[in-house]
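Hi everyone, thanks for coming. I'd like to walk you through a structure today, so please have a look at the screen.

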Amino acid sequence: MNRTLSLSLLLTTVLLGTACARASEEATSSPASATATASPVAVTAGATIDPELPLAIVHKTASCGCCGVWADHLKAAGFAVEIRDTDDMHPVKQRLGVPAGKASCHTAEIGGYVVEGHIPASDIKRLLKERPTARGLVLPGMPAGSPGMEMPDGHVQPYTVELVLADGSTQPFAQHGQGG
């Protein structure tokens, strides 16, 4: 890979990561009450809503671009998506039982489960099919190459989606990326 492309990839990753990391930090640091606004359910051009899939309610800060890209990933996979922009993600994460240290930049409610972070739609569909007794799925941080964090060169950083059990503990649910 040439040096210009490498620098461009690095800069893109840093800029996306910084904006979304700021949203993630705000979500866990501010216990003030949240102000939320909902946008209408929208479908990406060419995507079809699968009536068998539940509505995905995505809580995010208005300034986080990668969250919108992840929501588009869900729409493309057949989910109807409702976006709820909020000024403070902390109460949402607390209400839904996102374990400490497992936060990301957005939180979704899908079929009675919490879905935290850039989790692939295929993992969410598997969760909904298997219906384990659990709180939901988490993917801490924002791994490069995960849905919404795609890299121009197609690189996928290895990452593990975790299942959050009823007691708040986690266990591996799915592996992605190189070696995953």
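Let me start with a puzzle: is Glu116 buried or exposed? Keep your guess in mind while I say that what you see is a predicted model. The answer is that Glu116 is buried, with a relative accessible area of 0%.

What does Glu116 pair with in a salt bridge? Its partner is Lys93, and the closest N and O atoms of the two are 2.5 Å apart. Lys93 counts as buried too, at 4% relative accessibility. Glu116 belongs to strand 5 and Lys93 to helix 3, residues 90-96, so this salt bridge links distant parts of the chain, 23 residues apart.

Now let me step back to the whole chain. The protein chain has 180 residues, and 45% of them count as buried. It contains 4 helices and 8 strands. Reading from the N terminus, the order is α-β-β-α-β-α-β-β-α-β-β-β. Of the contacts between residues at least 6 apart in sequence, 62% join residues at least 24 apart. As for the surface, the chain exposes about 8,700 Å², with carbon and sulfur atoms supplying 56% of that.

On to the inside. The largest nonpolar core has 27 residues, and the members that touch the most others are Leu74, Phe79, Val81, Ile110 and Ile124. Which helix or strand gives the most to this core? That is helix 4, residues 121-130, with 4 residues.

If you want one residue to click on, try Phe79. Setting aside neighbours within four places in sequence, Phe79 is in contact with Leu53, Pro54, Ala56, Leu74, Ile110, Ala121, Ile124, Lys125 and Leu128. There is also a second, separate core of 5 residues, and its members include Cys64, Cys66, Cys67 and Cys105.

Let's stay with helix 4 for a moment. Its buried residues are Ala121, Asp123, Ile124, Leu127 and Leu128. Why do these five sit on the same side of helix 4? Because they cover an arc of only 160 degrees around the axis. The general background is familiar: an α-helix has 3.6 residues a turn, so residues three or four places apart point the same way.

And what covers those buried residues of helix 4? The cover includes helix 2 (65-76), strand 4 (107-110), strand 5 (113-116), strand 6 (134-138), strand 7 (159-165) and strand 8 (170-176).

Helix 4 has a salt bridge of its own, between Arg126 and Glu130, with the closest N and O atoms 3.0 Å apart. Both residues lie in the helix, 4 residues apart, which is about one turn. Arg126 is partly exposed at 33% relative accessibility, and Glu130 is partly exposed at 48%.

Just after helix 4 comes Arg131. What is the sign of its phi? Arg131 has a positive phi of about 50 degrees, although it is not a glycine. For context, most residues other than glycine have a negative phi. Arg131 is placed in the loop between helix 4 and strand 6, and at 45% relative accessibility it counts as partly exposed.

Back to the charged pairs. How many salt bridges does a search of the whole structure find? The search finds 7. One I'd like to show you joins Asp85 and Lys60, with the closest N and O atoms 3.0 Å apart. Asp85 is in strand 3, residues 81-86, and Lys60 is in strand 2, residues 56-60, so here again distant parts of the chain are linked, this time 25 residues apart. Where the cut-off for buried is under 20% relative accessible area, Asp85 at 21% is partly exposed. Lys60, in contrast, is buried at 8%.

One last stop is Thr86, also found in strand 3. Thr86 counts as buried, at 4% relative accessibility. The C-alpha atoms of Thr86 and Lys60 are 6.0 Å apart, with their positions 26 residues apart along the chain. And what does the side chain of Thr86 reach? It reaches the backbone nitrogen of Asp88, at 3.4 Å.

So, to take back to your bench, here are two pictures. One is helix 4, with its buried residues on the same side. The other is our opening residue, Glu116, buried at 0% relative accessible area and forming a salt bridge with Lys93. Thanks for listening!

Terms used: Residues are numbered from 1 along each chain as its sequence is written. This is a predicted model: local features need pLDDT of at least 70, side-chain atom pairs count only at pLDDT 80 or more; totals for chains, interfaces and linings use all residues. Side-chain values use heavy atoms; hydrogens and water are left out. A nonpolar core is a set of buried Ala, Val, Leu, Ile, Met, Phe, Trp, Tyr and Cys residues joined through side-chain atoms within 4.5 Å. Buried means under 20% relative accessible area, exposed over 50%, partly exposed in between (1.4 Å probe, protein chains only). Helices (H or I, at least four residues) and strands (E, at least two) are DSSP runs, numbered from the N terminus. Contact means heavy atoms within 4.5 Å. Accessible areas come from the Shrake-Rupley method with a 1.4 Å probe; for residues, only the protein chains shown count as cover. The arc is that of the directions from the helix axis to the C-beta atoms. A salt bridge is a side-chain nitrogen of Lys or Arg within 4 Å of a carboxyl oxygen of Asp or Glu. A polar contact is a pair of N or O atoms within 3.5 Å; within protein, one must be able to donate a hydrogen and the other to accept it, and residues adjacent in sequence count only if both atoms are side-chain atoms.
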